[in-house]
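Please open the structure in your viewer and keep the sequence panel beside it, so that each selection can be made by residue number. The tour goes from stop to stop, and at each one you are told what to select and what is found there.

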Amino acid sequence: MSATTTNVKAAIINRRSIRKVKKNDNISKERINELLKVALHAPTSFNMQSGRLVVVMDDQHEKFWDIVKESLRFRVPEESFAATVERLQGFRNGVGTILFFENQETIEQMQEKAPSYKEQFPNWSHQGSAMLQYAIWMTLSAEGIGASLQHYNPIIDEEVMKTWNLPEKWSLIAQMPFGEPNEQPGEKSFLPFEDIVKFY
């Protein structure tokens with residue numbers, strides 16, 4: 001099913017956390033590149049576009065999840081580590097991972113340009129990142145590509161920055177491993193609608 005034939009309502013409803021993914025040659029760099037170009041239409045406050053993406057695929061993707069594993073090795077109790085490794089393997093088996101960053105340099109520039117909103121720009125930056133994450137996730141999902149959102153920062157930050165020689169002003173926000181779905185998502189539960197939405 002392609003994004004062009006999936007309507008927005010279906011894309012929102014069908015997007016789920018797929019934590020076990022696997023390789024699929026049809027999920028190519030070129031295909032991901034095109035999907036990211038679509039998702040980058042996500043809005044940002046003042047159109048500041050502070051989000052930055054790093055896509056690791058193939059051996060670089062596997063290297064990333066090896067970094068996560070080694071970073072957790074001495075933080076997770078020994079008796080729980082095997083289960084942690086198994087969970088990480090579900091991500092590592094996929095095609096790639098999108099790393100979400102926010103460029104602090106952009107935020108600082110916006111604070112200088114609009115000082116009356118100085119305190120708000122870091123919050124708006126995170127909101128923009130969240131919308132970009134969601135736009136990418138829905139776009140992947142609409143293409144039949146499984147993904148989930150993970151947060152192993154900040155324990156992996158230093159190693160990630162060094163390994164891929166990234167600008168020091170980029171701040172890691174989240175990680176999205178993707179690939180062909182290799183599990184069925186569980187049932188999703190919801191709070192009562194009337195507890196969340198109020199009409200007046």
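## A charge over a ring

Begin by selecting R15 and W137, where the charged end of R15 sits over the ring of W137, at 4.3 Å from the centre of that ring. Please keep in mind throughout the tour that this is a predicted model.

## Helix α2 and its buried face

Next, select residues 29–39, which form helix α2, and within this helix colour I32, L35, L36 and A39, the residues that are buried. If you look down the axis of α2, the buried residues fall within an arc of 100°, so they line one face of the helix. Which elements do the buried residues of α2 pack against? Show β2 (51–57), β3 (96–103), α6 (121–142) and β5 (170–181), and you have the partners against which they pack.

Stay in helix α2 and centre the view on I32. This residue has a relative accessibility of 2%, and because buried means under 20%, I32 counts as buried. Leaving out residues up to four places away in sequence, I32 touches I27, V55, L140, I145 and F178, which you can now select together. For a distance to try in the viewer, take the C-alpha atoms of I32 and M48, which are 16 residues apart along the chain and are separated by 23 Å.

## The loop between α2 and β2

Move now to the loop between α2 and β2, where N47 is found. The phi angle of N47 is near 50°, which is a positive value in a residue other than glycine. With a relative accessibility of 53%, N47 counts as exposed. In the loop between α2 and β2 you can also select Q49, which has a positive phi of about 50° although it is not a glycine. Is Q49 exposed, partly exposed or buried? Its relative accessible area is 49%, so Q49 is partly exposed.

## T106 and Y117

From there, select T106 in helix α5, which covers residues 104–113. T106 has a relative accessibility of 9% and therefore counts as buried. When neighbours within four places in sequence are left aside, T106 is in contact with M48, S50 and R52.

Continue to Y117, which lies in the loop between α5 and α6. At 40% relative accessibility, Y117 counts as partly exposed. Not counting residues up to four places away in sequence, Y117 touches F46 and W124, so add these to the selection. You may also draw a line from the C-alpha of Y117 to the C-alpha of A142, since these residues are 25 apart in sequence and 36 Å apart in space.

## A cluster of aromatic rings

Aromatic rings are the next subject. A pair of such rings is described by the distance of the centres and the angle of the planes. How many aromatic pairs are there? The count comes to 10. Select F64 and W164, whose ring centres are 6.4 Å apart and whose planes stand at 45°, so the pair is tilted. This pair links distant parts of the chain, with F64 in helix α3 (residues 59–73) and W164 in the loop between α7 (157–163) and β5, 100 residues apart. Both F64 and W164 are buried.

Then select W65 and Y152, whose ring centres are 5.8 Å apart and whose planes are at 90°, so the pair is edge-to-face. Here too distant parts of the chain are linked, for W65 is in helix α3 and Y152 is in the loop between β4 (146–147) and α7, 87 residues apart. W65 counts as buried at 1% relative accessibility, and Y152 counts as buried at 13%. Finally, display F64, W65, F91, Y152 and W164 together, because ring pairs link them into a cluster.

## A cis peptide bond

Zoom in on N153 and P154, which are joined by a cis peptide bond with an omega of about 10°. P154 has its place in the loop between β4 and α7.

## The largest pocket

The last stop is the largest pocket, which holds about 230 Å³ of space. It is lined by 14 residues, and those closest to its centre are N14, I18, S141, P181 and P185. The elements that give two or more residues to the lining of this pocket are α6 and β4.

Key. Residues are numbered from 1 along each chain as its sequence is written. This is a predicted model: local features need pLDDT of at least 70, side-chain atom pairs count only at pLDDT 80 or more; totals for chains, interfaces and linings use all residues. Side-chain values use heavy atoms; hydrogens and water are left out. Buried means under 20% relative accessible area, exposed over 50%, partly exposed in between (1.4 Å probe, protein chains only). Helices (H or I, at least four residues) and strands (E, at least two) are DSSP runs, numbered from the N terminus. The arc is that of the directions from the helix axis to the C-beta atoms. Contact means heavy atoms within 4.5 Å. Rings of Phe, Tyr and Trp (its six-membered ring) pair if their centres lie within 6.5 Å; planes under 30 degrees apart count as stacked, over 60 as edge-to-face and the rest as tilted. A charge sits over a ring if NZ of Lys or CZ of Arg is within 6 Å of the ring centre and within 35 degrees of the ring normal. On a 1 Å grid over the protein atoms alone, a cavity is a set of points where a 1.4 Å probe fits but cannot get out, and a pocket is an open set with protein on both sides within 12 Å along at least five of seven lines; lining residues have an atom within 4 Å of a point. Grid points are joined across faces, edges and corners, and a volume is the space filled by probe spheres set on the points.
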